[in-house]
Amino acid sequence: MLQHFFNPSSVAVVGASQNPHKIGYEILENIIQYKYRGAVYPINPKADEILGHKAYPDLISVPGNIDLAVIVVPSAQVMEVIEQCGEKEVDSVVIITAGFKEIGPEGSHLEEALAVRAKALGIRVVGPNCLGIIDTTSSLNASFAEGMPLPGHIGFFSQSGAMCVAILDWALGQNVGFSRFVSLGNKMDISEVEIMLSMEHDVNTRVILGYSESIDDGANFMVAARRVCQTKPIIIIKSGTTSAGAKAASSHTGALAGSDHAYSAAFKQSGVIRAKSMQDLFGYAMAFATQPLPKGPSVAIITNSGGPGILAADACDRSSLHLTPIRKETADRLREFLPPAASFYNPVDIIGDATEERYEKTLEVILQDDMLHSVLILLSPTAAVDSEAVAYSIVKLAKNSEKPIITVFMGEKGVRRARRILQDHSIPSYEYPEDAISALDAMISYRRWREKPPRQYKHFKGDTRKVRQIFSSIIAQHRHDLIESEAREVLRAYQFRLPENRIAKTTKEAVRAASEIGYPVVMKIASPDVLHKSDMGGVRVGIANGAQVEEAFFDMTSGIRLRQPDARILGVMVQEMIPQGKEVILGITRDMQFGPMIMFGLGGIYVEVLKDVSFRIAPLSVESADAMIREIRSFPLLRGVRGEAPADIEGIRDSLLRLSQIAIDFPEIIEADINPLLVCPEGQGAVAVDARFTIHE
Ligand code: ACO
């Protein structure tokens with residue numbers, strides 16, 4: 001896949017220059033100096049030879065085939081070069097040139113025209129506005145980056161060229177090897193999706209790293225990432241985490257959703273590991289590229305000082321790793337050579353006077369304990385220890401170990417050389433214990449994701465005809481918001497359990513409805529214009545008799561008329577009062593990139609303040625629905641506290657899956673809330689008490 005980009009037999013640089021200050025010179029120089037083995041063709045109408053290679057005035061004049069063309073001519077000339085590519089049957093092109101979509105409408109038009117033409121000619125394009133590409137296996141550096149990474153197992157793609165340069169510099173500084181570097185630029189044609197898929201098939205890439213600002217085709221991204229993650233970890237740092245999209249939202253779900261939630265959900269659902277900082281990105285990359293995945297969550301910590309050990313233990317506590325106590329047999333073996341003052345639990349503290357020999361013996365014993373799945377070695381540079389000798393011992397023992405071993409040699413001057421030894425031998429070395437634990441945590445999370453059985457999807461057959469009728473009639477009335485009775489019909493069409501209710505236009509009708517339903521009842525204003533009813537005094541609960549019904553009817557209708565004079569009032573909804581349960585909120589919102597997104601949270605009036613909600617992209621698998629429920633901070637409240645009966649989690653899960661089905665069946669729904677969904681005690685289900693939907697045409 002994309003073979004001509006990464007392993008071409010011949011490369012042409014269109015816009016190659018003899019002027020060493022031009023990018024066209026730098027790219028050609030990189031291709032030549034890093035020993036690309038195929039044919040190289042500089043293209044320049046004014047030169048006969050550049051950097052020792054015969055130059056050609058245009059692509060057509062080149063005698064042989066050209067697999068890859070790197071275009072580095074001003075933007076106004078790019079189209080003409082693309083035409084030449086078509087004529088010469090060059091099917092792979094990297095456009096370095098800037099001045100397209102990123103500069104505004106004029107550049108956008110040019111880019112669109114270019115995309116259309118390239119597609120028509122069957123040409124695949126990386127860029128424009130990019131730094132280029134590098135493949136260390138084919139020794140191709142078709143970029144104007146400074147330097148060439150060592151061969152290695154990390155494949156990297158980035159939307160930002162500057163980020164490519166930064167990562168490359170880090171890689172050179174740390175001796176970290178890379179398989180491929182791809183600067184995606186404006187992603188006119190080739191996006192991260194195809195790059196991930198190409199790296200899936202690249203034997204030299206073990207871990208895929210990415211920097212992303214936006215993902216345009218969310219659905220395809222998820223399908224591709226989910227597939228690739230089955231065999232190779234993908235770690236992405238996503239910038240631009242603000243929730244601009246939430247500004248105009250009218251539902252709770254819309255107000256709480258931002259594009260960042262969509263990215264987080266999509267990453268979680270497709271197995272992508274999200275790095276929260278550049279430090280994480282580098283840290284995870286080192287661990288994944290050099291170490292085997294841990295077989296389980298149990299980590300052993302070896303340290304010669306208490307403080308760093310405690311910091312690491314605290315970090316473990318916040319992660320999914322287990323600091324399992326060292327079992328007796330292992331502790332007894334350690335006692336044979338460690339001083340009595342050492343700690344034989346976990347962290348194993350081999351105390352301040354520990355020598356390199358003590359480190360080596362301890363690590364040897366710990367590696368033999370099958371109950372411990374990974375090892376973190378902490379070292380503070382005391383006078384007693386030769387940190388370089390410890391580094392060599394770790395390198396030696398790691399060779400025959402199937403467990404991940406990672407290290408934190410604290411300090412700087414005293415441990416610099418030891419760290420270098422570790423890095424040179426592919427042992428991850430971190431500055432701080434928290435970073436090391438975070439990397440191990442990412443590894444175990446990834447392993448768990450990969451080992452999960454295939455996700456289960458349930459299909460719910462709703463009365464789609466009925467819902468379509470409701471939506472058509474609303475659109476015909478030039479409305480977008482469903483009134484409650486319409487929203488209830490939609491939910492009823494998908495077999496949600498609903499409280500019994502009646503619409504009453506007069507006080508008399510309300511009293512009759514209440515006595516038919518049975519006291520106590522709930523009364524709610526029925527109006528398409530009042531969206532947050534309780535905020536507007538449009539909801540009364542626990543109404544016990546006819547007199548209270550009359551009073552509530554009067555207060556509610558006159559109150560709304562006063563507060564929102566233009567609101568259309570269709571009457572009052574009299575509803576059965578569900579006696580017991582925990583209030584939760586379920587919602588739909590539609591993300592520009594990823595499509596329908598489902599929200600779950602503890603309901604009630606504080607939902608927007610507490611923001612204790614979880615999101616996933618629809619369609620939800622049964623496992624995703626479960627994970628959403630368990631992910632919120634207040635989940636223990638649903639399980640029941642102080643002798644309370646646990647809430648019916650099954651009922652919530654079923655409702656989430658049904659709502660996901662609605663979101664998939666009806667793309668015209670842009671926002672929806674079921675708020676509250678009243679969750680009865682375990683085994684008794686959940687009742688959708690109130691709902692609102694917003695649709696567009
Ligand atoms: N065919 C072949 N050669 C051509 C053609 C053509 N159709 N048109 C021009 N050339 C030659 C020129 O004669 C020149 O060669 P010369 O030095 O021998 O005269 C060479 O191609 C380059 O053309 P120039 O007009 O000199 O253009 P210049 O090199 O100044 O700029 C460039 C071209 C680099 C593509 C510029 O337009 C540009 O886009 N710069 C920004 C690139 C960038 O930042 N990309 C994103 C990087 S990612 C990041 O942020 C790090």
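This is a short talk about two sheets, the helices beside them, and one helix further along the chain.

Hi everyone! Please keep in mind that we are looking at a predicted model.

Let's begin with the five-stranded sheet. This open sheet runs in the order β2-β1-β5-β6-β7, and its pairing is parallel. At the edges we find β2, residues 39-43, and β7, residues 124-126, each pairing on one side only. On average, neighbouring strands here are turned by 20 degrees against each other, ignoring direction.

What packs on this sheet? Helix α2, residues 23-33, does, and α2 touches β1, β2 and β5. The direction of α2 makes about 165 degrees with that of β1.

Now look at one pair of strands within it. Strand β6, residues 92-95, is joined to β7 by three bridges in the parallel sense. One residue to find there is V94, whose bridge partner in β7 is V126. As a reminder for the newer people, strands of a sheet pair through backbone hydrogen bonds, either parallel or antiparallel.

That brings us to the antiparallel case. Another open sheet has four strands, in the order β20-β23-β21-β22, with antiparallel pairing. Why do β20 and β22 each have a side without a neighbour in the sheet? Both stand at the edges with a single partner strand, so one side of each is left free of a neighbour there. Neighbouring strands of this sheet are, on average, turned by 20 degrees against each other, again with direction ignored.

Helix α19, residues 507-517, packs on this sheet and touches β20, β21 and β23. Its direction makes about 170 degrees with that of β20.

Let's zoom in on β21, residues 521-526. Three bridges join β21 to β22, and the two run antiparallel. Across this pair, M523 stands opposite R540 in β22.

Next, a residue of β22 itself: V539. Is V539 buried, partly exposed or exposed? Its relative accessibility is 29%, and because buried means under 20% and exposed over 50%, V539 counts as partly exposed. Beyond its close sequence neighbours, within four places, V539 is in contact with V522, M523, K524, K533, S534 and M556. The C-alpha atoms of V539 and A526 are 9.9 Å apart, with their positions 13 residues apart along the chain.

Last stop: helix α24, residues 649-665. Its 17 residues reach 24 Å from first C-alpha to last, close to the 24 Å expected at 1.5 Å a residue. Of those 17 residues, 13 are buried, so α24 is largely enclosed by the rest of the structure.

Thanks for listening!

Terms used
Residues numbered from 1 in each chain as written. Predicted model: local features only at pLDDT ≥ 70, side-chain atom pairs only at ≥ 80, totals over all residues. Heavy atoms only, no water. Pairing = 2+ DSSP bridges. Axes fitted to C-alpha atoms, helices over the stretch in contact; angles between N-to-C directions. Contact = heavy atoms within 4.5 Å. Buried < 20%, exposed > 50% of the residue type's maximum accessible area, 1.4 Å probe, protein only. Expected span 1.5 Å × (residues − 1).
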